[in-house]
Amino acid sequence: AFMDVLTGTAFENGESIMGLRGIRSAILSTPLVKNLRDEMRPRFVMMLLYLSATKEMSRGDVLFLKGDRETDTGCLILQGEVEVQREGKSIFVEAPEIIGEMHLFTPEGERTATVEVTVGGLRLEFAWGILGSLARQLYSPEELGILKKAIVDYAWKRDASLFTEKK
């Protein structure tokens with residue numbers, strides 16, 4: 001999949017799969033972005049659009065593997081659903097949702113869960129490190145603190161739900 005930067009349309013095999021308006025709407029609909037100040041949201045959308053690649057996902061695809069340390073990848077699920085599995089428990093996460101943030105808070109940057117696609121769809125894939133670099137350029141120190149807190153709160157809320165919900 002690739003994105004036409006002039007029209008903002010994502011394409012797969014020559015067919016339009018989601019326009020810029022739909023992708024922008026999905027980003028703005030995620031709980032993480034909803035927790036940012038209104039004036040911060042357009043810059044977050046711009047960062048993700050700038051650094052992300054649009055990729056299809058199919059049922060059974062494994063996006064993240066528990067214990068993996070070789071990736072800085074984050075995903076925003078645009079369409080579809082994934083199952084986050086850890087220690088015999090799992091939760092289902094439907095679009096639109098950002099995933100892959102927990103490894104930011106482990107000492108070795110290790111994945112804390114396996115994430116498998118249960119309903120095929122579309123995702124934006126990005127590097128957390130590059131997102132952080134852009135954020136440091138586009139946000140004031142105060143706003144950067146708000147963004148970091150929003151990511152931490154978001155990660156721990158999901159982590160807590162993984163231990164309270166059953167398969």
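In the predicted model, L138 is in contact with R43, M46, M47 and E143 once its neighbours within four places in sequence are set aside. L138 is found in helix α4. The C-alpha atoms of L138 and M47 are separated by 8.9 Å, although the two residues lie 91 residues apart along the chain. L138 has a relative accessible area of 30%, and because buried means under 20% and exposed over 50%, L138 is classed as partly exposed.

The chain as a whole contains five helices and nine strands. Read from the N terminus, the elements follow the order β-β-β-α-α-α-β-β-β-β-β-β-α-α. Among contacts in the chain with a separation of 6 or more, 73% are accounted for by residues 24 or more positions apart. Of the 167 residues of the chain, 47% count as buried. The chain exposes about 8,800 Å², of which carbon and sulfur atoms supply 52%.

The largest nonpolar core comprises 28 residues, and within this core I27, F44, I98, L131 and L147 touch the most other members. At least two residues of this core are supplied by each of the helices α1 (20-29), α2 (31-34), α3 (41-51), α4 (128-138) and α5 (141-164), as well as by each of the strands β6 (73-86) and β9 (114-127). A second core, separate from the largest one, consists of 13 residues, including L63, F64, C75 and I91.

The surroundings of L131 can be described in further detail. When residues up to four places away in sequence are not counted, L131 touches F44, M47, L48, L51 and F126. M47 is thus a contact of L131 and also a contact of L138. F44, one of the residues that L131 touches, is itself listed with L131 among the core residues touching the most other members.

Aromatic and charged side chains were examined next. A pair of aromatic rings is described by the distance of the centres and the angle of the planes. The count of aromatic pairs comes to one. This pair is formed by F126 and W128, with 4.9 Å from centre to centre and 70 degrees between the planes, and its geometry is edge-to-face. Both F126 and W128 are buried. F126 is also touched by L131. A further arrangement involves F64, a member of the second core: the charged end of R111 sits over the ring of F64, at 3.9 Å from the centre of that ring.

Note on methods: Residues are numbered from 1 along each chain as its sequence is written. This is a predicted model: local features need pLDDT of at least 70, side-chain atom pairs count only at pLDDT 80 or more; totals for chains, interfaces and linings use all residues. Side-chain values use heavy atoms; hydrogens and water are left out. Rings of Phe, Tyr and Trp (its six-membered ring) pair if their centres lie within 6.5 Å; planes under 30 degrees apart count as stacked, over 60 as edge-to-face and the rest as tilted. Buried means under 20% relative accessible area, exposed over 50%, partly exposed in between (1.4 Å probe, protein chains only). A charge sits over a ring if NZ of Lys or CZ of Arg is within 6 Å of the ring centre and within 35 degrees of the ring normal. A nonpolar core is a set of buried Ala, Val, Leu, Ile, Met, Phe, Trp, Tyr and Cys residues joined through side-chain atoms within 4.5 Å. Helices (H or I, at least four residues) and strands (E, at least two) are DSSP runs, numbered from the N terminus. Contact means heavy atoms within 4.5 Å. Accessible areas come from the Shrake-Rupley method with a 1.4 Å probe; for residues, only the protein chains shown count as cover.
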